[in-house]
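Visitor: I would like a close look at one part of this model, namely its charged side chains and their surroundings. Could you take me through them slowly, with the cut-offs stated as you go?

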Amino acid sequence: MKLKEMIQNYIPFNEQEVKDKGFILQAMEVHEDLLHRSNPFMHFSSSCWVTNPTRTQVLMIYHKIYDSWAWCGGHADGEEDLCAVALKEMKEETGVGQYLLLSDKPFSLEVLTVDGHVKRNKYVSSHLHLNLTYLIEADEKTPLILNKEETKGVKWIPVDLLKQEVREVWMMENIYQKLVNKMKGAK
């Protein structure tokens, strides 16, 4: 299924997703290069919300740029199959190779602000990520591998401790909490 059609068919969970779905579809009408970082204003990214089978823990990485525990994910970099992007990023960032993709359709979508930052000694201006998130299940006993180039840590965090661990308040309150709420209903 083509990316635009998948987004058109996506059923929003809350008002944030209704508004962000409309924004993403409108952006796709206006911009032709949303799959590449060469678009300095906005581009597609993809994330994984990785949970254990009992939905009591989520797998997070310690993100260097955001200085916080965060979900796995990355840029589309020309790839229209954002599910494949999310899975590739999860494997690279955590070492998890055995997992269950609960659906190849997005579990959530969001438009995320990215503050200006330095990456690989170059300044990247503030921009937007048009993000699709996929729900993954993995065993919390699976050995994890730290990818030192991109992260400072990788671990399973109990869902009820997320607010204590995540330093990005807006992400916790608006995105991760939404994912926890959806996940509890996704059993």
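Guide: A residue is called buried when its relative accessible area is under 20%, exposed when that value is over 50%, and partly exposed in between, with a 1.4 Å probe and protein chains only. Ser46, at 0% relative accessibility, therefore counts as buried. What you see is a predicted model, in which local features need pLDDT of at least 70, side-chain atom pairs count only at pLDDT 80 or more, and totals for chains, interfaces and linings use all residues. Residues are numbered from 1 along each chain as its sequence is written, and side-chain values use heavy atoms, with hydrogens and water left out.

Ser46 belongs to strand S1, where strands (E, at least two residues) and helices (H or I, at least four) are DSSP runs numbered from the N terminus. From Ser46 we can step across to a charged residue, Glu110, which is 64 residues away in sequence and 9.9 Å away in space, C-alpha to C-alpha.

Glu110 leads on to the salt bridges, each of which requires a side-chain nitrogen of Lys or Arg within 4 Å of a carboxyl oxygen of Asp or Glu. Side chains of opposite charge can pair when their charged atoms come close. By this rule the model holds 11 salt bridges.

One of them joins Glu17 to Lys182, with 3.5 Å between the closest N and O atoms. This pair ties together distant parts of the chain, since Glu17 sits in helix H2 and Lys182 in helix H5 (residues 169–185), 165 residues apart. Both partners, Glu17 and Lys182, are buried.

Another salt bridge is made by Glu137 and Arg55, whose closest N and O atoms are 2.7 Å apart. Here too distant parts of the chain are linked: Glu137 lies in strand S9 (residues 127–137), Arg55 lies in the loop between strand S1 (42–51) and S2, and 82 residues separate them. Glu137 is buried, and Arg55 is buried as well.

A further bridge brings the side chains of Arg167 and Asp67 together at 2.7 Å, N to O. Arg167 is in the loop between helix H4 (162–165) and H5, while Asp67 is in the loop between S2 and S3, so that this pair again links distant parts of the chain, 100 residues apart. Arg167 counts as exposed because its relative accessibility is 53%, whereas Asp67, at 33%, counts as partly exposed. Turning to salt bridges that share partners, we find Glu17, Glu110, Lys178 and Lys182 joined into one network.

Asp67 deserves a second look for its backbone, which has a positive phi of about 50° although the residue is not a glycine. The loop that holds Asp67 runs between strand S2 (57–63) and strand S3 (68–70). A positive phi of about 50° also appears at Asp77, likewise not a glycine. Asp77 lies in the loop between strand S4 (72–75) and helix H3 (82–94), and because its relative accessibility is 44%, Asp77 counts as partly exposed.

Lys21 shows a charged side chain without such a partner. Its place is in helix H2 (residues 15–30), and Lys21 is buried yet has no salt bridge, the nearest side chain of opposite charge being that of Glu17, 9.1 Å away. For that comparison Lys and Arg count as positive and Asp and Glu as negative, while His and the chain ends are not counted. A polar atom of the Lys21 side chain does, however, lie 2.7 Å from the backbone oxygen of Tyr10.

One more acidic residue, Asp139, is found in the loop between S9 and strand S10 (151–158). With a relative accessibility of 40%, Asp139 counts as partly exposed because of the cut-offs applied here. Its C-alpha atom is separated by 8.2 Å from that of Gln98, and the two residues are 41 residues apart along the chain.

I close with a histidine, a residue type that is not counted among the charges. His117 is placed in strand S7 (residues 117–119), and at 13% relative accessibility His117 counts as buried. Between the C-alpha atoms of His117 and His43 there are 16 Å, with the two residues 74 apart along the chain.

Conventions:
A polar contact is a pair of N or O atoms within 3.5 Å; within protein, one must be able to donate a hydrogen and the other to accept it, and residues adjacent in sequence count only if both atoms are side-chain atoms.
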